[in-house]
Amino acid sequence: MSERIVVVGFGPVAARLVDELLPAVRTGLVQLLVVGQEAEAAYNRVMVAELGVGRTTPEALAMADAAELEADGVDVRLGVKVKRIDRARQHVVLSDGTNEHYDRLVFATGSRPVIPNLTGLNPDPASPVLPAGVTALRDLRDAAVLREAVAAGKRVVVLGGGVLGLETALAAAEEGAQATVVHNGPFPLGRSIDRGSGSVLTSSLRAGGVRMAGNARSTGVETAGPGGSFSALLLEDGSAIDGDLLVLSCGVRPRIELAEGCGLPVGAGILVDHHLRTYHEPHMFAIGDCAEVRCPDASCLDCRTATGPSGLVGPGWRQAEWLAEYLVVLAQDGQEAADALEALPTEKPGVVVLKARGINLALAGDNQADPWDEELLEAGAASGRARRQISQWADPEHGRYVKMTTRGGVLEGLVAVGMPRTAAELVVLFERSSELPADRSLLLRLDGPDQLDSGATSNDPQRTVCRCAGVSAASIEDSVLEGCSTVGEVSKATRAGTGCGGCHEDIKGLIEKHFQATAA
C-alpha cells in the first residue's frame, strides 16, 4: 500500500524534494500532494532581483512545471493555503474547502521577509500592508515593480545592508537607476565582516554607482508620491532620503505559524531532529528555511552550538535529497530500515559570496578579531588547543582586502574583497579544512599581474564550482563534453547555477575554456 505524502509549500527546496520523489510516485510507491500558496509553481526566489533589473526571465527562474508533474501523477494545488492541520486525524484543511489525509507531512513553508516597524508600514507578519512604491522583493510581482522603476531610471532606495540588498542596489545602478543603500552601522554586512573589509567594500560600492547612507536609523516612510505612493525614507536625525521605490531588504523569518498552530515545538524555526522529524511527531518533517535542526538530546554537541535555519538554499537542497531517500525507504521497507540510514550530515559553516560587475567578495566563519586583539585570539585556546592567528592585507586605493583567521594553520574565518582568485582558493581551503601555506603571501599572488595575464585559475577538477548544488568543475566539464554550450544548458544538466547564481561566470569560463581548446 502506497504512502500519501503532503508537502506544504512549493519553493525551491520543496521542488527538489518533489523531484527526488518522482521515481517513487511513478511506480506507485508514493502518492504526493503539493500545496503551494502562490499561483506559480516553484521558481528560483534567490534570483528575483536579477529578474527585477531585466537580466533574466521568469522562464529561466522556473524550477518546476505543474503540468508535467501532474502528468507524472503528482497532485499539485497552486494558489491554495493550508488553513489548519489536524494531527489527531492526520488531515490538512485547505483554503479551497477540501480536507486531505496524509501519512507523512513535510513542512517546506520557507521564510517571509521582515517588515520593519516604521511609521507608514503595517508590519503584521501574516499580512503586511505596504503602500504603493514599497516592496520586499520576494516574489514575481515584486520583481515586476522593481523592473518598472529600473526601466524608467527612477530613484531606488534599498533599506538593509545584507548581500541581497547590496546585489539589488548594484544591479539597479548598473541598469540605469539611481540606487541608495541605507543601513545601520558604519558599513554594510556589519555582522559578518570587520572594519577593514567593510570600509573597502563601501568604497567599492560607491565606485559602482551606489550611494551609501551608513549609521542611519529609519523611523518612517513618507507617501507624498502620485496616488499616495512612497516618496521618502525618514531618518532618526530628521533627514530624509528621497526616492520613487523603497526595497525592504531587512532579512527573513521562518514561516512557523502553521506548525506552531498545531502544537509542534518551535524555536527560530520548526524544531527537528537529525532525521528532520518534528519533536514528538514521527509523521511530520520540516526542511529548508523553516526547519531548525536541533535535536532534543542535550548531550549532542552539534546541536548545542546550532544557530537555527541557515537561510541558504544549498543546505535546504541537501535536506530535501536526504529526506526523499528516507521517505522512500520508509514507504518501501518500513520504519526500522529508514531509521538505520545514516543521519543527515551536519552542515559546515556557510560561505557567503557577493559577485557583481567590478566587485567580488567572499566571507565565511568568524572575522571579528584583529591581529593584536589578544582576548579574542586566546579565546578557545585551552587544553593544548592552538590560539587564533590573523593574517591581513589591505590596498584600499585599489579596492582590495584579505583577512585570514586560522587556528593551527587551518582557516576558521576569511573575508576577501576585490581578490577573486585568492578568494576562490581560500574558500576551497576553508571547505576542506585544509592547512594554509606557512607563507600566506603565496595566496595573495594568485591575483598578481602574472596570474591575471595568464588567466590562471585552480585546475583541480574536483573543486566545487556551485556551492548551492554541490557541483564540481569535473561535472560541469563532463556536461560540456556531452553537448552543453550555454550556462542554461549546463544548469539543466547538472543543477549548477540554479541557486544564488554566483557561479554563472565560473560556469561560463569552463564552457569557454573547452571551446577555446577545441578551436586550437
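When I say two residues are in contact today, I mean that they have heavy atoms within 4.5 Å of each other. Hello everyone, and thanks for coming. Please keep in mind throughout that this is a predicted model.

Let me use that contact definition straight away, on His274. This histidine sits in the loop between β18, residues 270-272, and β19. Is His274 buried or exposed? Its relative accessible area is 19%, and the cut-off for buried is under 20%, so His274 counts as buried. And what does His274 touch, once we leave aside its neighbours within four places in sequence? The partners are Val293, Cys295, Cys300, Cys303, Trp322, Ala343 and Leu344.

If you follow the chain onward, you come to another histidine, His280. That one lies in the loop between β19, at 277-278, and β20, at 281-286. His280 is exposed, with a relative accessible area of 71%. Its backbone deserves a look too: phi is near 60 degrees, a positive value in a residue other than glycine.

Leu137 is another one to click on. Here phi is positive as well, about 50 degrees, although Leu137 is not a glycine. You will find Leu137 in the loop between β9 and α5. Its relative accessible area is 14%, so Leu137 is buried.

That loop leads us into α5, residues 140-151. How does the length of α5 compare with what 1.5 Å a residue predicts? Its 12 residues should span 16 Å, and the end C-alpha atoms are indeed 16 Å apart, so the two agree. The buried residues in α5 are Leu140, Asp142, Ala143, Leu146, Ala149 and Val150. Notice that an aspartate, Asp142, is in that buried set. As for what they pack against, we have α2 at 48-52, β9 at 134-135, β10 at 155-159, α6 at 163-174 and β16 at 245-248.

Now over to α7, residues 195-207. This helix has 13 residues and reaches 18 Å from its first C-alpha to its last, close to the 18 Å expected. Which residues of α7 are buried? They are Ser197, Gly198, Val200, Leu201, Thr202, Ser204 and Leu205. Their cover includes α6, along with the strands β12 (210-213), β23 (359-365), β25 (400-407) and β26 (410-417). Just after α7 comes Gly209, with a positive phi of about 95 degrees.

Next, helix pairs. Two packed helices are described by the angle between their axes and the distance between the axes. I have two pairs for you.

The first is α1, residues 12-26, with α10, residues 313-333. They pack at an angle of about 25 degrees, and their axes are 8 Å apart. Angles under 35 degrees count as roughly parallel, so α1 is roughly parallel to α10. The crossing of α1 past α10 is right-handed. On the α1 side, the contact is made by Pro12, Val13, Arg16, Leu17, Glu20, Leu21 and Ala24. From α10 come Val313, Gly316, Trp317, Ala320, Glu321, Leu323, Ala324, Leu327 and Val328. By class, that contact has 12 nonpolar residues, 1 polar and 3 charged.

The second pair is α16, residues 473-481, with α17, residues 487-494. Their axes come within 10 Å and cross at roughly 115 degrees. That makes α16 roughly perpendicular to α17. Here too, α16 passes α17 in a right-handed crossing. Who makes the contact between α16 and α17? Ser475, Ile476, Ser479 and Val480 come from α16, and Val490, Ala493 and Thr494 from α17. Those residues divide into 4 nonpolar and 3 polar, with no charged ones.

Let me finish at α11, residues 335-339, with two residues from this helix. Gln335 belongs to α11, and this glutamine is partly exposed, with a relative accessible area of 32%. Beyond its neighbours within four places in sequence, Gln335 is in contact with Arg104, Arg277, Tyr326 and Leu330. Between Gln335 and Pro282 there are 9.9 Å, C-alpha to C-alpha, and the two are 53 residues apart in sequence.

Glu336 is in α11 as well. Is Glu336 buried or exposed? Exposed, with a relative accessible area of 71%. Its C-alpha and that of Gly79 are separated by 37 Å, and the two residues are 257 apart along the chain.

That's my tour. I'm happy to take questions!

Terms used:
Residues are numbered from 1 along each chain as its sequence is written. This is a predicted model: local features need pLDDT of at least 70, side-chain atom pairs count only at pLDDT 80 or more; totals for chains, interfaces and linings use all residues. Side-chain values use heavy atoms; hydrogens and water are left out. Axes are lines fitted to C-alpha atoms, for helices over the stretch in contact, and angles run from 0 to 180 degrees between N-to-C directions. Helices (H or I, at least four residues) and strands (E, at least two) are DSSP runs, numbered from the N terminus. Angles under 35 degrees count as roughly parallel, over 145 as roughly antiparallel, 65 to 115 as roughly perpendicular and the rest as oblique. A crossing is left-handed if the near helix is turned anticlockwise from the far one by less than a right angle, and right-handed if clockwise. Ala, Val, Leu, Ile, Met, Phe, Trp, Tyr, Cys and Pro count as nonpolar, Asp, Glu, Lys and Arg as charged, and the others, Gly among them, as polar. The expected span of a helix is 1.5 Å times one less than its number of residues. Buried means under 20% relative accessible area, exposed over 50%, partly exposed in between (1.4 Å probe, protein chains only).
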